[in-house]
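Reader: Please take me through the salt bridges of this structure, and set each value against the definition that it has to meet.
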Amino acid sequence: MSISISVQAKDFDLGAEYDRLRSIGDGLGAIVTFTGLVRDFESRPEEPQYSRKLTTLTLQHYPEMTERLLSDIVEQALTRWSLLGVTVIHRIGSLSPNDQIVLVGVASTHRHDAFQAAEFVMDYLKTRATFWKKAHVDGQEQWLDAKHSDANAAARWDDIKHD
Amino acid sequence: MLNLLFFGRLGDLASGIDKAIPYHIDLATPLAIRNKLAEQHPLLTKELSEPQVLVSVNKMIVKWDHPLFDGDEVAFLPPVTGG
């Protein structure tokens, strides 16, 4: 089992992370990677017409607790699916539009486990890991609100029994 | 002493308050600390009272009536927005 969790300011190399998962070898048949990027606008689901140009996104987190929560999430994924490797990288600090912000990579024998686990880890990361985003919009700073859609996305895993 | 941490928007609202407070039996739960803050920081306390705000002690999520001990780190956590 290859598990790698990192909270870091520096950028990551998707190719290097993919190669590391690919080197797992025995039984490997699928790798799913998800990369999240910083959008160049800020929108609000409850105000469909609202859209503002975003210049900077600042990521705060709770050191040590974040890593432990991410580790818990990965452990839960391991109990639900048959996995060979999981990589989670989340960046902190000041980011610009189009910057990479998060990477989830999952390796497994069959694709179903990797697809499902990657989505599960992202859904739980968004609703449970101690990160907070501050957007710099129109020359002003504002802490972003949590989205109901993210809570709903995470909640659906509560009802799904792994087959 | 108790070490208080405020994250996200709570950090802005708590910028002026003392984060290291003497341990006292009357301030031995996160709820008691929240109520104590209400005297001088009503805006912060209002935000802290939102049901989505979580509290952790020594980096474990706990209930608001969790007993505190000298040296504990108490963190107030607004809804997370990572990813």
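Author: What follows treats a few salt bridges one after another, with the surroundings of their partners.

This is a predicted model, in which local features need pLDDT of at least 70 and side-chain atom pairs count only at pLDDT 80 or more, whereas totals for chains, interfaces and linings use all residues. Residues are numbered from 1 along each chain as its sequence is written, chains are lettered from A and ligands numbered from 1 in the order in which they are written, and side-chain values use heavy atoms, with hydrogens and water left out.

Reader: How many salt bridges does a search of the whole structure find?

Author: The search finds twelve over all chains.

Reader: Why is the pair A:R20 and A:E17 called a salt bridge?

Author: A salt bridge requires a side-chain nitrogen of Lys or Arg within 4 Å of a carboxyl oxygen of Asp or Glu, and the N to O distance between A:R20 and A:E17 is 2.9 Å, so the pair qualifies. The two residues are three apart in helix α1 (residues 14–22) of chain A, and are therefore separated by about one helical turn; helices here are DSSP runs (H or I, at least four residues), strands likewise (E, at least two), numbered from the N terminus.

Reader: What makes A:E17 buried or exposed, and what of A:R20?

Author: Buried means under 20% relative accessible area, exposed over 50%, and partly exposed in between (1.4 Å probe, protein chains only). A:E17 has 14% and is therefore buried, while A:R20, with 39%, is partly exposed.

Reader: How do you know that A:R52 forms a salt bridge with A:D138, and where do the two residues lie?

Author: Their closest N and O atoms are 3.4 Å apart, so the cut-off is met. The pair links distant parts of the chain, 86 residues apart, with A:R52 in strand β4 (residues 47–61) of chain A and A:D138 in the loop between β8 (131–137) and β9 (140–143) of chain A. A:R52 is partly exposed because its relative accessible area is 33%, whereas A:D138 is exposed at 55%.

Reader: What makes B:K59 count as buried, and which residues is B:K59 in contact with?

Author: Its relative accessibility is 17%, so B:K59 counts as buried. Contact means heavy atoms within 4.5 Å, and, leaving aside neighbours within four places in sequence, B:K59 is in contact with A:Y62, A:P63, A:E64, A:M65, A:R68 and B:E73. The side chains of B:E73 and B:K59 meet in a salt bridge (3.2 Å, N to O), and salt bridges that share partners join A:E64, B:K59 and B:E73 into one network.
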